[in-house]
Structure formats: structure tokens, C-alpha cells
Amino acid sequence: MKYIKTLLLAILAGIAIGIGGTIYLTLENKIIGSLMFTVGLYTICTQGLNLFTGKVGYLVNNKPSYLIDLVIIWIGNFIGTFVCSLLLQFTRINIDATNICNIKISDNYLSLFILGIFCGMLMYIAVDGYKKTNNPIILFICVSVYILYGFEHCIADMFYFAIAKMININTIIILLVISAGNSIGGMLIPLISKIK
């Protein structure tokens, strides 16, 4: 039952990121779009949903069994972003993610991995900062920075690939590379903080 709830909360988090991605992709002003994208992470943090990039940094301070939770959350996030993209195809909203996806597909794995690390750091800073201060400003700053600088967020990328109908073996590998980068970036600060 615990894992079913974990999965369902992860699916909802994927949908929330999909909503944020929709806002970003449909606004011409990328600065405003990057700020509005944060509605996804804000919803996740205030409603206690499960986002992989918001949870992976806490692997450092959890038992090894926490890895199971993270795998379930990643799968749930994937399902949620896919469901969101599928449902949007039956609406009047026209979303074009082809260009943003082509940039990622034409990049190399090392670049995607490094950009994933930077995004992972920002996501840990955002989520942990919000937990400690209850101030949502840190969420908006960190999310807009990662978007505007082109850092890679595996869950947002799941939505982009899904909405562009580009889910295939190649993009799954890209998502796994970015996920690895997000994971290392998310764990860096808590890992170094443990050193005495």
C-alpha cells in the first residue's frame, strides 16, 4: 500500500510538472515563462507530492531501501508527464516542444550529464530551502535559473519528449543520463555536509 501511494503521488507530481511545462512552452516571454513554470514545483512542495529531483538528494540520509522509492517515483513521474501530454492533445492548447527536444537530442551525453548535475543542485537547494524557510521565493529563483541557463531536468524533459511525441530508446537513454546527473547534483550538498 505504501508503494502504491508513493506511485500515485509521483504521477500527480509528473502532471504538475507537465502543467508547468505547458505554461513555459506557450508563453513567448521566456523569463516570465520560467517563473510561471514554478507552479509545478510549488504545487509539489505544498501538496506533498513525489518528484524525483526533489527527493533524490535525501538518499544520502536514508536507508538503502529508499532507492526503491526513488525508482517508483521516477516511473510515476514518467507516467504523470506522459498522461499530461496525452490529455493536452485533446484540447485547443497548441504546444510545440520540437525545437527544445532537438537541442537535447543533438547534444552529447557528457554535456547532458553535466547540465543535469547543475540542475540537481538547484533542485535540492530549492526544495530543502523551502522546507527550512517555508518561503516560496527560493523555488521561483532556482527553477527560473535552471530553465534560463539551459540546465537539464529529467522530469521536465520527460514532458517535453512526450508532448513532442519523441519517446523512443534514444530519448529514454538521454533521460537516464540526465537523471544520473540530477541525482549526483542533488546529493552533492547533503553529502559534503556530512563530512566532519
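In this predicted model, the lining of the largest pocket draws at least two residues from each of five helices, namely helix 1 (2-26), helix 6 (98-106), helix 7 (109-133), helix 8 (137-148) and helix 9 (154-163). Helix 6 makes the largest contribution to this lining, with 4 residues. The space enclosed in the largest pocket amounts to about 330 Å³, and of the 20 residues that line the largest pocket, those closest to its centre are Tyr24, Ile100, Ile103, Lys104 and Tyr160. In chemical character, the lining of the largest pocket comprises 11 nonpolar residues, together with 6 charged and 3 polar ones.

The second largest pocket has a volume of about 150 Å³. Its lining receives at least two residues from each of helix 3 (39-47), helix 4 (52-55) and helix 7, and helix 7 is also among the helices that supply at least two residues to the lining of the largest pocket. The residues that line the second largest pocket are Leu41, Ile44, Cys45, Gly48, Leu49, Asn50, Leu51, Gly54, Lys55, Val127, Tyr130 and Lys131. When these lining residues are divided by character, 7 are nonpolar, 3 are polar and 2 are charged.

On the surface, a nonpolar patch is formed by Leu27, Ile31, Ile32, Leu35, Met36, Leu148 and Tyr149, which together present about 650 Å² of accessible area. The largest share of this nonpolar patch, 4 residues, is provided by helix 2 (residues 30-37). Ile31, one of the residues of the patch, is located in helix 2; with a relative accessible area of 54%, Ile31 is classed as exposed because its value lies over the 50% cut-off for that class.

A further position considered here is Ser111, which is placed in helix 7. The relative accessible area of Ser111 is 22%, and this residue is therefore classed as partly exposed, since the value is neither under 20%, as required for a buried residue, nor over 50%, as required for an exposed one. Ser111 and Gly181 are separated by 70 residues in sequence, whereas in space the C-alpha to C-alpha distance between Ser111 and Gly181 is 9.9 Å.

Note on methods: Residues numbered from 1 in each chain as written. Predicted model: local features only at pLDDT ≥ 70, side-chain atom pairs only at ≥ 80, totals over all residues. Heavy atoms only, no water. 1 Å grid on protein atoms, 1.4 Å probe; cavity = no way out; pocket = protein on both sides within 12 Å on 5 of 7 lines; lining within 4 Å. Points joined across faces, edges and corners; volume = space filled by probe spheres on them. Nonpolar A, V, L, I, M, F, W, Y, C, P; charged D, E, K, R; others polar. Patch = residues over 30% accessible without salt bridge, like charges linked within 9 Å, V, L, I, M, F, W, Y side chains within 5 Å. Areas by Shrake-Rupley, 256 points an atom, 1.4 Å probe, with all protein chains shown as cover. Salt bridge = Lys/Arg side-chain N within 4 Å of Asp/Glu carboxyl O. Buried < 20%, exposed > 50% of the residue type's maximum accessible area, 1.4 Å probe, protein only.
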